[in-house]
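Please open the model in a viewer and keep a selection panel at hand. The tour below proceeds stop by stop, stating what to select and what is to be found there.

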Amino acid sequence: MTTQPLVVAEKVRKSYGRNDVLKGIDLEVRRGEVVCVIGPSGSGKSTFLRCINHLERIQSGRLWVDGSLVGYRQVGDRLHELSEREVSRQRAEIGMVFQDFNLFSHYTALENVMVGPLLVRGEPREAVRARATELLRRVGLGDKLGAYPRRLSGGQQQRVAIARALAMRPKLMLFDEPTSALDPELVGEVLDVMRDLADEGLTMIVVTHEVGFAREVGDTLVFMDGGVVVESGPPADVINNPRQDRTKAFLSKVL
């Protein structure tokens with residue numbers, strides 16, 4: 001079994017014009033690890049997540065997933081951006097769940113889960129249908145296969161989005177504040193699915209405001225502020241005994 005981290009970020013920088021959003025992020029994520037990222041709005045958490053699958057291009061630094069540079073090929077000392085087809089091939093290995101679901105409104109729940117394996121991987125329809133049906137059952141939606149998104153609650157839509165990402169058999173799952181758009185009573189049903197995925201050993205990076213979830217499920221808790229990693233470590237240590245004043249100030253407001 002390889003000991004190489006699944007995700008490695010090295011001095012990752014990202015800016016929009018003169019606004020430096022990421023100011024040199026260093027982070028490693030082991031295989032099977034659940035890393036939860038917390039921090040105030042505007043700290044760069046979601047931007048960093050989007051850089052991991054090249055939805056955002058970084059200005060400098062390096063990002064590797066499973067030993068491969070994300071979005072680039074290195075020749076000598078220079079980086080050359082991959083073609084869109086090559087980037088799409090990389091993204092197919094990385095599942096991402098957004099806060100606003102991003103389901104296809106004209107597809108049923110089952111069709112939403114099937115679309116990736118059919119169009120991106122060209123897998124046989126019947127095999128894809130069987131796997132999509134099982135995934136929807138797994139997230140508690142076996143009775144909603146034919147439902148369109150408008151007929152589903154926010155929590156149900158987010159569980160469809162998780163099943164859709166899992167249908168691609170990703171080696172890594174990214175969650176960008178997956179419960180922030182949900183009514184409070186619907187948050188638990190999505191977190192329960194994520195707990196099950198963590199128990200199964202899926203590698204996950206979760207940007208979240210749910211500190212309780214981070215404490216319970218996370219292996220590592222990362223606190224970001226101002227585009228940098230201020231502090232990281234076992235969740236209980238960071239939450240109960242933060243070392244940095246910025247971490248203490250943030251946690252005092254959210255706990």
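**First stop: a pair in helix α6**

This is a predicted model. Begin by selecting Asp192 and Arg195, whose side chains meet in a salt bridge with an N to O distance of 2.8 Å. Both belong to helix α6 and stand three residues apart, so about one helical turn separates them. Colouring by accessibility places Asp192 in the partly exposed class, at 41% relative accessibility. Arg195 is also partly exposed, its relative accessible area being 21%.

**Second stop: strand β11 and helix α9**

Next, select Asp225 and Arg246. A salt bridge joins Asp225 to Arg246, and 3.6 Å separates the closest N and O atoms. Asp225 sits in strand β11 (residues 220–225) and Arg246 in helix α9 (residues 245–254), so this pair ties together parts that are 21 residues apart in sequence. Asp225 counts as partly exposed at 22% relative accessibility, and Arg246 counts as partly exposed at 41%.

**Third stop: a network of charged side chains**

Which residues are joined into one network by salt bridges that share partners? Select Arg31, Asp66, Glu93, Arg121, Glu123, Arg131, Arg169 and Lys171 together, for these form that network. Within this selection, focus on Glu123 and Arg121, which form a salt bridge whose closest N and O atoms are 4.0 Å apart. Glu123 counts as buried, at 18% relative accessibility, whereas Arg121 is partly exposed, with a relative accessible area of 33%. In the whole structure, a search finds 19 salt bridges.

**Fourth stop: a buried acid without a salt bridge**

Now select Glu177, in the loop between β9 (172–176) and α6 (184–199). Is Glu177 buried or exposed? Glu177 is buried, yet has no salt bridge. The nearest side chain of opposite charge is that of Lys45, 4.0 Å away. To display the surroundings, add Lys45, Ser46, Gln99, Val207, Thr208 and His209, with which Glu177 is in contact once its neighbours within four places in sequence are left aside.

**Fifth stop: the largest pocket**

Turn next to the open spaces of the model. The largest pocket holds about 620 Å³ of space. Its lining consists of 20 residues, and those nearest the centre are Arg91, Ile94, Met96, Arg164 and Met168. Selecting these residues will centre the view on the pocket. For the surrounding framework, show α2 (84–91), β8 (94–97), α3 (109–119) and α5 (154–166), the elements that give two or more residues to the lining. Coloured by class, the lining of the largest pocket shows 12 nonpolar, five polar and three charged residues.

**Sixth stop: the second largest pocket**

About 180 Å³ of space lies in the second largest pocket. This pocket is lined by 14 residues, and Val65, Ser68, Gln90, Glu93 and Lys171 are the closest to its centre. Keep α2 on display, since the largest share of this lining, four residues, comes from that helix. The lining of the second largest pocket divides into five nonpolar, four polar and five charged residues. Glu93 and Lys171 will be familiar from the salt-bridge network of the third stop.

**Seventh stop: an enclosed cavity**

How many cavities of 30 Å³ or more are counted? The count comes to one, and the space in the largest cavity is about 30 Å³. To locate this cavity, select Ile58, Gly61, Arg62, Leu63, Leu69, Val70, Tyr72 and Leu79, which line it. Strand β4 (residues 60–65) supplies the largest share of the lining, three residues. By class, the lining of the largest cavity comprises six nonpolar residues, one polar and one charged.

**Last stop: two residues with positive phi**

Finally, examine the backbone at His54 and Asn102. His54 is not a glycine, yet has a positive phi of about 65°. The residue is placed in the loop between α1 (45–52) and β4. His54 is buried, at a relative accessible area of 4%. Asn102 is likewise a residue other than glycine with a positive phi, near 60°. Its position is in the loop between β8 and α3. Asn102 is partly exposed, with a relative accessible area of 39%.

Notes: Residues are numbered from 1 along each chain as its sequence is written. This is a predicted model: local features need pLDDT of at least 70, side-chain atom pairs count only at pLDDT 80 or more; totals for chains, interfaces and linings use all residues. Side-chain values use heavy atoms; hydrogens and water are left out. Buried means under 20% relative accessible area, exposed over 50%, partly exposed in between (1.4 Å probe, protein chains only). Lys and Arg count as positive and Asp and Glu as negative; His and the chain ends are not counted. Contact means heavy atoms within 4.5 Å. On a 1 Å grid over the protein atoms alone, a cavity is a set of points where a 1.4 Å probe fits but cannot get out, and a pocket is an open set with protein on both sides within 12 Å along at least five of seven lines; lining residues have an atom within 4 Å of a point. Grid points are joined across faces, edges and corners, and a volume is the space filled by probe spheres set on the points. Ala, Val, Leu, Ile, Met, Phe, Trp, Tyr, Cys and Pro count as nonpolar, Asp, Glu, Lys and Arg as charged, and the others, Gly among them, as polar.
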